[in-house]
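Hello,

Here is the structure you asked about. Please open it first, and then read the notes below with it on the screen.

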Amino acid sequence: MGRVCEQSCERAAEWWAKAADQGDADAQSNLGDAYREGQGVPQSYERAVELFKLSEAQGNGQATTNLGACYANGWGVDQSFAEARRLYELAVARGETKAAPGYLQIINDFIQQDCPLLGQRVVLRGLTTATLIGTRGTAIDFGFSERNPTTGNWFTASG
């Protein structure tokens with residue numbers, strides 16, 4: 001008959017840390033989960049992201065999905081829906097079928113509804129680089145400027 005022991009998040013995190021330090025991708029992913037949730041270790045999105053990146057670099061689909069969730073929600077990284085979508089697509093390509101397909105659908109729906117210009121070329125006119133550094137705002141004119149290849153003259157259109 002086998003032994004039964006009491007469940008301990010702290011003890012699990014200790015063992016995952018030992019295996020993660022040796023490069024085990026599953027342990028890195030599991031320890032990342034523990035840090036993201038604050039289970040058995042102090043809660044730290046930044047440490048979770050570090051661990052998910054290590055595991056993702058080894059092809060771990062679950063870590064790739066979890067890293068995508070960090071980007072989608074801005075947990076420990078600057079929020080980036082484009083990066084979240086890229087990671088969810090990569091997780092699906094790696095065969096992660098539990099969460100990635102659903103998260104990919106959610107992020108695609110969100111981008112289509114709330115961020116229709118994501119990935120599109122947007123030209124800002126009349127602003128200097130110094131003015132734009134650190135600036136956030138809402139685009140109100142989706143015009144563009146292009147050079148006429150024949151004459152070399154610039155023309156502008158506004159939407």
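I will start with the aromatic rings. This is a predicted model, and in it the count of aromatic pairs comes to three. One of them joins Y45 and W75, whose rings are stacked, with 5.5 Å from centre to centre and 10° between the planes. Planes under 30 degrees apart count as stacked, so the angle of 10° puts Y45 and W75 in that class.

What does this pair tie together? Y45 lies in helix α3 (residues 45-57), whereas W75 is in the loop between α4 and α5, so the pair links parts that are 30 residues apart in sequence. Are the two residues buried or partly exposed? Buried means under 20% relative accessible area. Y45 has 28%, so Y45 counts as partly exposed. W75 has a relative accessibility of 27% and is therefore partly exposed as well.

Two charged residues sit over ring faces. K18 lies over the face of W15, at 4.5 Å from the ring centre. R47 lies over the face of Y35, and here the distance from the ring centre is 5.9 Å.

Now the chain as a whole. It has seven helices and two strands. In sequence order the pattern is α-α-α-α-α-α-α-β-β, so the helices come before the strands. The chain has 159 residues, and 29% of them count as buried.

Next, the largest nonpolar core. It holds 26 residues, and L31, Y88 and I107 are the ones that touch the most other members. Which helices supply at least two residues each? They are α1 (9-21), α2, α3, α4, α5 and α6. The largest share comes from α4, with six residues.

Helix α4 also matters for the next item, the second largest pocket, because α4 gives the most to the pocket lining, again with six residues. The volume of this pocket is about 260 Å³. Its lining is made of 16 residues, and those nearest the centre are A69, N73, W75, Y88 and Y103. W75 is thus a residue to look at twice: W75 is stacked with Y45, and W75 is also in the pocket lining. Y88 likewise appears both in the core and in the lining. At least two lining residues come from each of α2 (25-37), α4 (61-73), α5 (81-93) and α6 (100-114). By type, the lining divides into 10 nonpolar, four polar and two charged residues.

Last, two contacts between parts of the chain that are apart in sequence. R94 is found in the loop between α5 and α6. With a relative accessible area of 33%, R94 is partly exposed. R94 and G61 are 33 residues apart along the chain, and their C-alpha atoms are separated by 5.8 Å. The other case starts from A25, which lies in helix α2. A25 has a relative accessible area of 16% and is buried, because that value is under the 20% limit. From A25 to G59 the step in sequence is 34 residues, and the C-alpha to C-alpha distance is 8.1 Å.

If you want a place to begin, select Y45 and W75 and look at the stacked rings. Then go from W75 to the other residues nearest the centre of the second largest pocket, among them A69 and Y103.

Regards

Note on methods. Residues are numbered from 1 along each chain as its sequence is written. This is a predicted model: local features need pLDDT of at least 70, side-chain atom pairs count only at pLDDT 80 or more; totals for chains, interfaces and linings use all residues. Side-chain values use heavy atoms; hydrogens and water are left out. On a 1 Å grid over the protein atoms alone, a cavity is a set of points where a 1.4 Å probe fits but cannot get out, and a pocket is an open set with protein on both sides within 12 Å along at least five of seven lines; lining residues have an atom within 4 Å of a point. Grid points are joined across faces, edges and corners, and a volume is the space filled by probe spheres set on the points. Helices (H or I, at least four residues) and strands (E, at least two) are DSSP runs, numbered from the N terminus. Ala, Val, Leu, Ile, Met, Phe, Trp, Tyr, Cys and Pro count as nonpolar, Asp, Glu, Lys and Arg as charged, and the others, Gly among them, as polar. Rings of Phe, Tyr and Trp (its six-membered ring) pair if their centres lie within 6.5 Å; planes under 30 degrees apart count as stacked, over 60 as edge-to-face and the rest as tilted. Buried means under 20% relative accessible area, exposed over 50%, partly exposed in between (1.4 Å probe, protein chains only). A charge sits over a ring if NZ of Lys or CZ of Arg is within 6 Å of the ring centre and within 35 degrees of the ring normal. A nonpolar core is a set of buried Ala, Val, Leu, Ile, Met, Phe, Trp, Tyr and Cys residues joined through side-chain atoms within 4.5 Å.
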